[in-house]
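Biologist: I should like a close look at a single part of this model. Please describe how that part is paired, how it is covered, and what it contributes to the interior.

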Amino acid sequence: MCKGGYYLFDKETCYIGGHTHLKTKILDCMKKLLTLILLLIASVEMYAQNNITTFLGIPVDGTKSSMIQQLQQKGFIYNQKKAMLEGEFNGEDVFIEIKTQKGKVYAIAVIYHRSHDAKVVKMTYEQLCIQLQNNPKYMVLSEDSLPESKDLDYEMTINKRLYSSCYIQNPQFNESDKNRLVMVSLIRTIDYTIGITYINVLNMANGEDL
């Protein structure tokens, strides 16, 4: 029973002495709505994170300057002359090159400092591919094996053969998986070294400037 007041709309809303329980009900509804909005934002952020390639937990996205700052916080040092960062990654001394398209980062290229002869680089390449195969955060998309019988110098210099293996990061087994690529490559100058490229396909050029 509503004593000293009167009902408005229903028997749960009662005005008493010029005050109303309606205000309390509205506040409760607003709190519930705010909680729902926060949960929605969190789920959207989680989906966006899963849909973008990451490097050391950093989304491959945003501006180059922001990426440099975040990598410096991870302990990497920016080399002004080379316009690259330097540091240690996966037990190796590396250079890190940040690639952008229209001001947005689309790839992080990790290049090993050490150069190797053909025999050693084969072992290094295959070991890295095995690490990715055995890591539950990755799924094999395609792999180039390096048979012992192949003459690597001849194949890469004369036949212009490129060797690389591609992996999907954080596979969700849906169409968006193709946007999160990690590629391991052999790089040849005088000797050989290894490159690992973390690619956010969403930020790559898609021919809009052609």
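**A hairpin and its surroundings**

Modeller: In this predicted model, β12 and β13 form a hairpin, with three residues between the two strands. The pairing of β12 with β13 is antiparallel and comprises nine bridges; within it, M183 stands opposite T197 of β13. β13 also pairs with β9, again in antiparallel fashion, through five bridges, and here A107 stands opposite I199 of β13.

β13 is mostly covered, with nine of its nine residues buried. In a regular strand, side chains alternate between the two faces of the sheet. In β13, Y192, I194, I196, Y198 and N200 point one way, while T193, G195, T197 and I199 point the other, and all of them are buried.

Two residues of the first group, I196 and Y198, recur in the largest nonpolar core: together with I108, they touch the most other members among its 34 residues. The elements that give two or more residues to this core include β9, α3, β12 and β13, and α3 provides the largest share, five residues. Apart from neighbours within four places in sequence, I108 is in contact with I196, T197 and Y198, as well as with F55, V60, M67, I96, E97 and I98.

The helix α3 is covered in part by these strands: β9, β12 and β13 are among the elements that cover its buried residues. Those buried residues are V121, K122, T124, Y125, L128, C129 and L132. At the start of α3, a side-chain oxygen of D117 comes to within 3.3 Å of the backbone nitrogen of K119.

Note on methods
Residues numbered from 1 in each chain as written. Predicted model: local features only at pLDDT ≥ 70, side-chain atom pairs only at ≥ 80, totals over all residues. Heavy atoms only, no water. Buried < 20%, exposed > 50% of the residue type's maximum accessible area, 1.4 Å probe, protein only. Helix = DSSP H or I, 4+ residues; strand = E, 2+ residues; numbered from the N terminus. Contact = heavy atoms within 4.5 Å. Polar contact = N/O pair within 3.5 Å; in protein donor to acceptor, adjacent residues only side chain to side chain. Core = buried A, V, L, I, M, F, W, Y, C linked by side-chain atoms within 4.5 Å. Pairing = 2+ DSSP bridges.
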